[in-house]
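Colleague: Walk me through this one, please, and set out the ground rules before we get to the details.

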Amino acid sequence: MESIILQIAARHLRPLLIVLSLVVLYRGHNEPGGGFIGGLMFGAAYILYAMAFGVAKTQESTFFNPINLTALGLLIAVVSGLPALLLGDSFMTGAWYTFFKQTAFELKLGTPLIFDVGVYFAVAGMLMLVMFSIMEE
Amino acid sequence: MTTGLFLLILLLVAAIAPFLRKYLKHQAGWIYALWPFAGFLYYLSLLPVIQQGEILIESYEWIPVLGLSFTFYVDGLSVLFSLLVLGIGTFILVYAGYYMRPYPMKGRFLGYLLLFMTAMQGIVVSGNLITMFVFWELTSISSYLLIGYYHEKPEARASALQALLITGFGGLALLGGFVLLAIPYDSYELTTLLSDGDVIKNHYLYIPALILILIGAFTKSAQFPFHFWLPGAMTAPSPVSAYLHSATMVKAGVFLLARLNPVLGGTEVWSYSLTIVGVTTMFVGAWLSVTQVDLKRILAYTTVSALGTLVLLIGTGTEYAINAAIVFLLVHALYKGTLFMMAGNIEKKTGTRDIRYLGGLFKYMPFAAIIMILALVSMAGVPPMLGFLGKELIYEASVAAPKAHLFILTLGFLTNVILVFLSLRLAIDIFWGKEPVYDKKPQEPSLSLILGPFLMVLASFVLGLLPSAMAGPLTSKAITAISPLHDAIILKLWHGFNIVLALSVLTLLSGYLVFRYRHQLLPAIDRFNIRYFRREFTRVFFSMIDAFLVFTKLKTRALQHGYHRFYLMTLFVVASVMVWVMIWRADPIILELNFSDMPINLIAVVVLIIAATLSAVVSNSRVVALICMGVIGFGITIIFIAYSGVDLAITMIMVETLMIILAMAVVYHLPKYQNFSSTGARMRDALVATLVGTFFMVLVLQAGTSTLDAPISAYYKEASYSLAFGRNIVNVILVDFRALDTLGEITVISIAALGIYAMIKLTKKTN
Amino acid sequence: MLFLFAIMIGVLYGAAVYLLLRRNIFKLVLGLIFLGHATNMLLFVAGGLTNGKPAFIRGLQGETVGMSDPLPQALILTAIVIGLGVTAFALTLVYRFYKVTKTVDFDQLSENE
């Protein structure tokens with residue numbers, strides 16, 4: 001199935017969707033969004049591309065492999081639980097640090113955000129793994 | 001402190017025994033006997049304290065949440081039993097250390113013996129029903145290991161399994177009984193139970209609890225009709241028979257009855273069931289022993305008879321009966337342990353234990369012969385051995401029994417005649433009778449083999465000669481522990497001329513007469529038994545097991561048919577019928593049909609979803625089904641948006657899109673729909689589906705209209721921003737409050753993805 | 001609205017059960033998907049229906065009154081994503097099943113064994 005319209009759309013939509021998925025991931029803590037939705041969008045970006053150009057070409061154009069992406073996500077998620085252990089809390093207790101205290105750029109970062117990144121990669125990797133496997137058949 | 005610690009160290013000794021055997025060589029038995037002997041001395045030293053009426057209680061927390069603890073309770077009864085368990089255990093270890101030399105894995109054997117000793121000692125000192133149950137089961141398991149010690153022999157395995165199944169069945173019944181017994185008291189502690197027996201007696205659970213506990217006690221103590229496992233267990237090595245099957249484990253049931261007598265005893269049900277079962281067992285055991293020719297089986301049947309006597313005495317429950325029970329218990333443990341050990345010695349020295357091929361042994365082993373004969377004298381109940389006292393008390397108790405004393409007396413008399421006959425027969429036939437040709441000349445058994453029997457016979461002799469001074473302190477507090485109302489009777493050898501003495505003399509005479517005419521009588525009895533008792537209980541038992549297996553197979557074939565839809569149907573129908581019943585019994589639902597909260601657009605969405613669902617079911621086209629699936633998914637997305645589920649809606653729309661793409665990719669490869677099911681099957685399935693569907697409908701209405709406890713999400717709402725610094729509560733729950741669940745979830749989906757990858761990519765490579 | 005949702009959920013469950021009882025293995029997966037939808041909706045409705053008040057904290061004070069219950073939503077979100085994983089797995093299984101056995105009928109599988 002070669003469709004010029006789909007191919008052009010996919011080529012331009014892919015970076016756009018990736019950026020959008022990152023935005024959704026970032027704002028997920030306060031606004032609708034989050035790791036799950038972001039991950040699904042990230043995966044969808046590549047699936048769209050694969051639908052237009054085929055799986056083989058999509059995999060050539062990416063520098064990572066879906067299995068590794070899934071593994072990376074799981075690893076990040078697990079690691080994000082470890083700082084709590086160092087602080088003496090139980091595994092996965094949120095730990096927060098505030099940057100630029102009492103300035104206009106006050107920024108709170110914590111392990112739950114890292115965990116969300118892990119979810120993002122895991123979901124994206126899983127989605128790509130499943131879709132690529134089935135679409136290749 | 002001491003009782004618990006002693007048991008713990010005993011268990012440790014049992015655990016390391018198999019491994020140390022290599023280094024200790026042939027001294028292992030003696031060295032392992034040291035710790036039980038120390039325990040024996042300790043409990044001996046407790047006697048004066050116990051005589052004061054003191055009770056030692058120790059308690060260790062086990063599962064505090066469930067109110068369970070390891071409690072130890074040491075009173076007169078416990079001390080008497082501890083002395084038996086540890087004293088005889090010491091001799092047995094010494095004996096077994098030597099006896100088992102020619103056999104493989106003797107270290108493991110000693111370990112099992114010690115394990116059993118721990119368990120048995122645990123039973124007699126436990127002060128909590130659950131503690132007792134744990135040790136009780138441990139005796140069943142260790143006895144299984146010991147009976148099946150010659151595991152390469154099929155009959156040893158069969159007897160071990162039989163004993164385990166019967167005592168295991170009894171153990172389960174016992175646990176049930178204990179649980180029921182504890183309900184009215186709300187406690188498993190013995191002290192609570194013993195403080196007031198009327199609580200259970202007036203409770204409706206009394207009869208069920210009693211029946212279950214009696215099953216437990218009767219199976220363990222080989223009471224009729226469960227008696228057959230004990231003669232079967234004679235395939236075990238002799239030390240096991242001498243220890244488990246004469247002196248200790250089979251007494252556990254008797255101990256239990258004695259222990260719970262103040263709680264459960266005294267009622268009509270109690271005394272009738274114990275008396276009837278006891279008297280039957282007493283007579284049947286003795287009767288069946290007459291025609292046996294295997295020395296150990298003879299002893300096993302007389303043990304069954306003795307256990308029946310004990311149960312009968314506890315059931316009778318009079319002052320004399322309780323006294324008789326405790327004295328007879330002591331008597332029996334001393335002579336029967338001796339006899340079993342001697343039976344092992346004779347087998348070892350001559351190579352057989354069939355009394356038809358034994359004879360003239362006195363001149364080869366005079367010392368051993370004297371020991372065995374003294375034990376037999378005790379069994380026959382001839383003065384001055386302790387056995388005489390035991391028998392006298394039994395007669396006294398029978399004469400004074402409140403009910404059916406003539407019946408009990410007659411059967412008791414006959415039993416004792418048989419015992420006298422057996423004693424004479426064993427003593428005379430084995431030691432003087434016609435001498436067969438022995439393969440090698442029998443010798444006197446060595447010190448380790450003879451020490452235990454010698455000391456036990458000596459004890460029986462001394463206790464018999466000086467009953468009030470020696471036996472009194474041992475038994476008096478045990479008697480009051482069984483029955484607080486009764487006192488210990490002062491024991492003496494000479495009672496004066498009375499009916500009991502006359503009965504004793506008559507017993508001896510009759511026993512002698514039976515012995516005199518045994519060549520005429522025995523074949524007759526044999527013929528009688530063959531005609532009326534042809535089917536042995538063991539065979540009945542195994543055919544029951546076989547029948548059970550056949551039944552199980554049929555049941556499995558019926559239930560595990562392998563058709564997924566019938567499993568599912570069973571599941572759906574049973575679950576929904578059960579919930580239907582619950583709904584039926586709940587308050588009726590008050591339904592207000594309020595059309596004002598039904599926006600027209602949402603009504604349209606819901607109607608669309610319902611229509612799509614129905615057409616997905618009835619459609620003959622796979623593509624239509626998929627399109628319907630999409631309609632449902634997007635319809636649900638709209639509902640999510642309408643009712644504040646923003647994140648849900650976004651996720652749902654993505655997932656639904658991907659799912660349809662996936663399904664399309666797979667359907668592409670699959671064949672078209674075919675008609676697999678008949679119309680009847682469709683109707684039936686539709687019925688089941690309607691049943692489940694309507695039930696869920698009612699469930700939703702019920703859930704939507706009920707007021708429940710305050711939702712737990714209040715905390716999440718509170719803490720989401722203040723503690724977790726997030727405004728999107730759903731997301732905060734996912735990544736912070738319940739992050740571990742989410743971690744589990746992404747792990748699951750990753751594994752699913754890997755599974756898919758493996759199914760498609762890896763199978764392709766192998767092809 | 002509850003009444004309408006109740007009917008809808010009932011129909012979804014009934015359809016799911018009916019499909020699960022079919023011999024065609026693809027219909028089985030379809031039934032699984034429906035079961036997932038039905039259960040998600042059941043949770044959602046049982047958690048209370050709140051119009052137009054998503055569970056977001058606005059402002060510094062963090063007003064939460066009348067807000068929809070976030071917990072069932074978090075549960076359903078998890079369930080949706082897991083449902084995707086399970087469905088994908090089941091679909092692949094169906095595909096492999098057909099490739100190996102050349103049939104989509106469950107009963108023929110047990111007979112072939």
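Modeller: Angles under 35 degrees count as roughly parallel, over 145 as roughly antiparallel, 65 to 115 as roughly perpendicular and the rest as oblique. This is a predicted model, where local features need pLDDT of at least 70, side-chain atom pairs count only at pLDDT 80 or more, and totals for chains, interfaces and linings use all residues. Residues are numbered from 1 along each chain as its sequence is written, while chains are lettered from A and ligands numbered from 1 in the order in which they are written.

Colleague: What ipTM does the predictor give the complex?

Modeller: Two scores come from the predictor for the complex. The pTM is 0.67, and the ipTM is 0.93.

Colleague: How are H13(B) and H15(B) placed relative to each other?

Modeller: Helices (H or I, at least four residues) and strands (E, at least two) are DSSP runs, numbered from the N terminus; axes are lines fitted to C-alpha atoms, for helices over the stretch in contact, with angles from 0 to 180 degrees between N-to-C directions. Helix H13 (residues 249-264) of chain B packs against helix H15 (residues 295-316) of chain B with the axes 10 Å apart and an angle of about 5°. That angle is why H13(B) and H15(B) are described as roughly parallel.

Colleague: Which residues in H15(B) meet those of H13(B)?

Modeller: Contact here is C-beta to C-beta within 7 Å, with the atoms placed from the backbone. By class, the two helices bring 8 nonpolar, 2 polar and no charged residues to this contact; Ala, Val, Leu, Ile, Met, Phe, Trp, Tyr, Cys and Pro count as nonpolar, Asp, Glu, Lys and Arg as charged, and the others, Gly among them, as polar. From H13(B) come B:Val250, B:Val254, B:Leu257, B:Ala258 and B:Asn261, and they meet B:Thr303, B:Leu307, B:Leu310, B:Val311 and B:Ile314 in H15(B).

Colleague: How many helices and strands are there in chain B?

Modeller: Of its 767 residues, 50% are buried (20 or more other C-beta atoms within 10 Å of the residue's own; exposed is 12 or fewer, partly exposed in between, with C-beta atoms placed from the backbone). Among contacts in chain B with a separation of 6 or more, 78% are between residues 24 or more positions apart. The secondary structure of chain B comes to 32 helices and 2 strands.

Colleague: In what sense do strands S1 and S2 of chain B pair?

Modeller: Strands pair if DSSP finds at least two bridges between them, and S1(B) (residues 56-63) and S2(B) (residues 68-74) have 7. B:Ile63 has B:Leu68 as its bridge partner, and B:Tyr60 has B:Phe70. Between the strands of this hairpin are 4 residues, and B:Gly67 takes a positive phi near 70°. The sense of the pairing is antiparallel.

Colleague: Is B:Ile130 buried or exposed?

Modeller: B:Ile130 is in helix H6 (residues 129-147) of chain B and touches B:Leu68, B:Phe178 and B:Tyr188, leaving out residues up to four places away in sequence. Its C-alpha is 8.1 Å from that of B:Ser69, although the two are 61 residues apart in sequence. Because 22 other C-beta atoms are within 10 Å, B:Ile130 is buried.

Colleague: How far apart in space are B:Pro467 and B:Leu389?

Modeller: B:Pro467 belongs to helix H21 (residues 467-482) of chain B and counts as buried because it has 20 C-beta neighbours inside 10 Å. In sequence, B:Pro467 and B:Leu389 are 78 residues apart. C-alpha to C-alpha, the distance is 8.5 Å.

Colleague: Which helix gives the most to the side of chain B that touches chain C?

Modeller: On that interface, 82 residues of chain B are in contact with 72 residues of chain C. The chain B side divides into 56 nonpolar, 18 polar and 8 charged residues. With 14 residues, the helix that gives the most is H29(B).

Colleague: And which element gives the most to the side of chain A that touches chain B?

Modeller: This contact takes 36 residues from chain A and 32 from chain B. Helix H2 (35-53), helix H4 (66-79), strand S2 (107-110) and helix H6 (111-136) of chain A each supply at least two residues. With 13 residues, the one that gives the most is H6(A).

Colleague: What is the mean pLDDT of chain C?

Modeller: Chain C follows the pattern α-α-α-α, and 60% of its 113 residues are buried. pLDDT is the predictor's confidence in each residue, from 0 to 100. In chain C, 89% of residues reach 70 or more, and the mean is 84.

Methods
Contact = placed C-beta atoms within 7 Å.
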